[in-house]
Amino acid sequence: MFKKRIWRHILIGSAWVITLGGLVVLMSFIEFKKAGVVCKDVKVYIPGNQYFIDREEVDNILKIHRHKLVGRKMDEIDIHDLEEKLKANPFIESAMVYADMDGVIRVKISQRQPVVRVMNQFDQNFYIDQNGLKIPLSDNFTARVIAANGYIDEIFGKKVDTLHTDIARQILKAANFISRDSLWSAQVAQIYVNQNHEIELIPRVGTNRIMLGNADSLESKFANLYTFYKKAIPQVGWDRYKTINIKYANEVVGVKSDNFKKDSLKAVARADSMKLKQDTSQIVN
């Protein structure tokens, strides 16, 4: 019994020694072969539908066409350094660079995804991406995202940075919600921040403003607005109200446009109030 245990330990130990020895030989072989491989090509893959950065820009960063890569031995190329150079670009979220044994360097790049373009009160322009990072505008490409302007005191230091103000975080939250909904992304053209640091929405259809307030309870607020659009607008038209206030829970307040008669609005307002959520919704003229 005792001898069996000894032989078992010997066999297990031998197996580990053989395995480790094989790995060392294999790694040595790979390094030996790599030392003789010359870079023949650089293949770049940039998925997605943003075009902040293209193959030409990557070529410039890596200096592919200046004989810095193609033609050099692979063991002389610092792959990690190439990745760091790419990641220094403000439009690149992540970069992965690796080489195969055939002498081809492969580059995979993920670009930042802007959600909103901000024009702050200091006349600075920048994007905020889906991760809440500020990034600069591009000379090559303009992202089709919702715009935000007004009394926005978030400062842009011309480099990738996090958000520092509450109003900027609220703008991002509202923009994220709108961009993820096909109806509201089609209807809302702009976010405006007024002097009280409240968010107003400028619709594409109609001349009114939608008073959102802050970015809390967005599901509820937009559900109320949808009910208002569905029940009231077909009866009175898109331009009946100059403002539609949805910033309070379970309430939609419409303020009439000066071009419409007070009496006719009252009639519509009563009808709207009844059709919105129980007694909590109201129309004010």
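Rings of Phe, Tyr and Trp (its six-membered ring) are paired when their centres lie within 6.5 Å, and a pair counts as stacked with planes under 30 degrees apart, as edge-to-face over 60 degrees, and otherwise as tilted. In this predicted model, local features need pLDDT of at least 70 and side-chain atom pairs pLDDT 80 or more, while totals for chains, interfaces and linings use all residues. Residues are numbered from 1 along each chain as its sequence is written, and side-chain values use heavy atoms, with hydrogens and water left out.

Y51, F52, F91, Y127 and F141 join in one aromatic cluster. The count of aromatic pairs comes to 10. W184 and Y229 make a tilted pair, with 5.9 Å from centre to centre and 45° between the planes. Because W184 belongs to helix α5 (residues 182-187) and Y229 to helix α6 (residues 218-231), this pair ties together parts 45 residues apart in sequence; helices here are DSSP runs of H or I with at least four residues, numbered from the N terminus.

Both W184 and Y229 are buried, where buried means under 20% relative accessible area, exposed over 50%, and partly exposed in between (1.4 Å probe, protein chains only). Two further residues are set out below.

| Residue | Helix | Relative accessibility |
|---|---|---|
| N176 | α4 (residues 166-179) | 12%, buried |
| I12 | α1 (residues 2-36) | 42%, partly exposed |

Leaving aside residues up to four places away in sequence, N176 touches V115 and Q130, contact being heavy atoms within 4.5 Å.

Terms used. Helices (H or I, at least four residues) and strands (E, at least two) are DSSP runs, numbered from the N terminus.
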